[in-house]
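Student: Hello! I would like a close look at the inside of this protein, at what is packed there and what space is left open. Could you take me through it?

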Amino acid sequence: MKKEKSSSRRHMEKIGLDLVFVTLGCLAGAFATIGILIPYGLSSGGLTGIVRIIQGFLPLNYSILFYAGSLLIFTLCWITMGFREARKILLLTVLYPLALMLFEQFDFTLLEEEDIFLAVIYYGVLTGISNGLVFSRGYSFGGTDTIAKIIKKKFLPQMDLSKILLGIDAVVIIGSGLLFGRNIALYALVTQVILTKVTEIVLYGFETKVVQMEVITEKQEEVADYIMHTIGRGVTHVDVVGGYTGKEKNKLITLCSPRESMLIKQFIAGVDPRAFVTVIRVETVWGYGSGFSELSDK
């Protein structure tokens with residue numbers, strides 16, 4: 001009975017922390033968009049850039065268009081990949097557009113003077129912080145990364161997900177350049193670089209995009225199944241012996257992105273709070289079928 005109460009309390013604490021981090025992330029991202037991106041006529045990659053392009057043809061509030069885009073992506077994700085995948089973006093599909101609507105009620109810009117390059121930097125930093133806070137709790141905004149997953153599953157299963165996402169963002173930024181001008185497209189590239197790096201710093205300090213996770217758990221089958229079938233990464237099993245206890249155990253090893261490692265960590269915490277998990281920085285990964293770059297790639 002005590003264990004059940006303790007487990008229930010930990011679960012409620014986790015939900016509470018999730019809401020705090022996700023809400024702060026949504027507020028930071030919404031402020032960056034409404035208080036910096038739009039007033040200075042900037043654009044970006046992802047769903048943000050897509051909505052900016054649509055806004056050039058439909059004079060509607062940014063938040064309304066973003067809400068429509070988010071709901072469309074959520075629906076497509078549910079239809080093509082199932083609710084198990086769609087529920088990962090459900091909270092942000094609702095909460096982030098609400099934050100956008102909130103900031104639209106105030107006529108406020110961050111910078112006192114019109115300095116577009118400074119605006120680009122601040123937008124990239126705030127958006128990176130937003131992404132990092134959300135990703136650190138295992139959630140996703142459900143933008144072009146979800147579109148990339150759908151494309152990979154339905155049309156390009158052999159292509160690396162990161163390349164598909166890069167292609168989508170490239171198309172969005174080029175579209176922004178055609179509509180708003182080449183300078184805006186170049187500024188959008190700068191924001192992408194800044195926000196990507198800041199997101200990584202929030203998640204892992206100054207580490208790289210690929211990490212190696214090593215997991216020793218009593219729930220190895222459940223964890224391995226989650227990594228392979230939900231996250232979509234491979235798992236290696238290694239037999240190990242504890243030096244102090246002398247007990248034989250099985251260690252799981254997987255390579256994944258920083259955000260995916262947070263999802264795995266959250267899952268393990270739910271099924272086996274006593275598990276032992278280490279995360280190691282990886283500079284480069286090459287290998288056939290690894291989900292990363294292949295040896296033959298140039």
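Tutor: Happy to; we will begin with the whole chain and then move to the cores, one helix, and the open spaces. Please keep in mind that this is a predicted model.

First, the overall picture. The chain has 10 helices and four strands, and along the sequence they come in the pattern α-α-α-α-α-α-α-α-β-α-β-β-α-β. The radius of gyration is 21 Å, close to the 19 Å that the globule rule gives for 298 residues, so the chain is as compact as a globular protein of that length. Its C-alpha atoms fill a box of roughly 65 × 50 × 35 Å along the principal axes. Of the 298 residues, 44% count as buried. If you take the contacts with a separation of 6 or more, 73% of them join residues 24 or more positions apart.

Now to the inside itself. The largest nonpolar core has 33 residues, and Leu42, Phe66, Leu92, Tyr96 and Leu100 have the most contacts inside it. At least two residues of this core come from each of α1, α2 (46-55), α3 (62-81), α4, α5 (116-135) and α8 (182-204). The largest share, eight residues, is supplied by α1. A second, separate core has 15 residues, including Met213, Ala224, Ile264 and Ile268.

Let us pick out Leu42 from the largest core. Setting aside its neighbours within four places in sequence, Leu42 is in contact with Leu37, Arg52, Ile116, Ala119, Val120, Ile184 and Tyr187.

Helix α8 also contains Thr199. Is Thr199 buried or exposed? With a relative accessibility of 8%, Thr199 falls under the 20% cut-off, so it counts as buried. Apart from neighbours within four places in sequence, the residues in contact with Thr199 are Gly128, Asn131, Gly132 and Phe135.

Next, look at α6 (144-154). Its buried residues include Thr144, Thr146, Ala148 and Ile150. Among the elements that cover the buried residues of α6 are α2, α3, α4 and α7 (161-180).

That helix leads us to the enclosed space. The structure holds one cavity of 30 Å³ or more, and the largest cavity has a volume of about 40 Å³. Its lining is made of Cys77, Glu85, Lys88, Ile89, Ser140, Asp145, Thr146, Lys149 and Arg259. Here you meet Thr146 again, a buried residue of α6. Both α4 and α6 supply at least two residues of this lining. By class, the lining of the largest cavity divides into two nonpolar, two polar and five charged residues.

Finally, consider an open space, the second largest pocket, which holds about 540 Å³. It is lined by 18 residues, and those closest to its centre are Lys14, Arg87, Tyr226, Leu263 and Gln266. Two or more lining residues come from each of α1 (2-37), α4 (83-104), α9 (220-231) and α10 (258-271). What classes do the residues lining this pocket belong to? Seven are nonpolar, five are polar and six are charged.

To gather the threads, follow α4 through the model. This helix supplies residues to the largest nonpolar core, to the lining of the largest cavity and to the lining of the second largest pocket. Helix α1 is another good one to trace, with its eight residues in the largest core and its part in the lining of the second largest pocket.

Terms used: Residues numbered from 1 in each chain as written. Predicted model: local features only at pLDDT ≥ 70, side-chain atom pairs only at ≥ 80, totals over all residues. Heavy atoms only, no water. 1 Å grid on protein atoms, 1.4 Å probe; cavity = no way out; pocket = protein on both sides within 12 Å on 5 of 7 lines; lining within 4 Å. Points joined across faces, edges and corners; volume = space filled by probe spheres on them. Nonpolar A, V, L, I, M, F, W, Y, C, P; charged D, E, K, R; others polar. Core = buried A, V, L, I, M, F, W, Y, C linked by side-chain atoms within 4.5 Å. Buried < 20%, exposed > 50% of the residue type's maximum accessible area, 1.4 Å probe, protein only. Contact = heavy atoms within 4.5 Å. Rg over C-alpha atoms; globule rule 2.2 N^0.38 Å.
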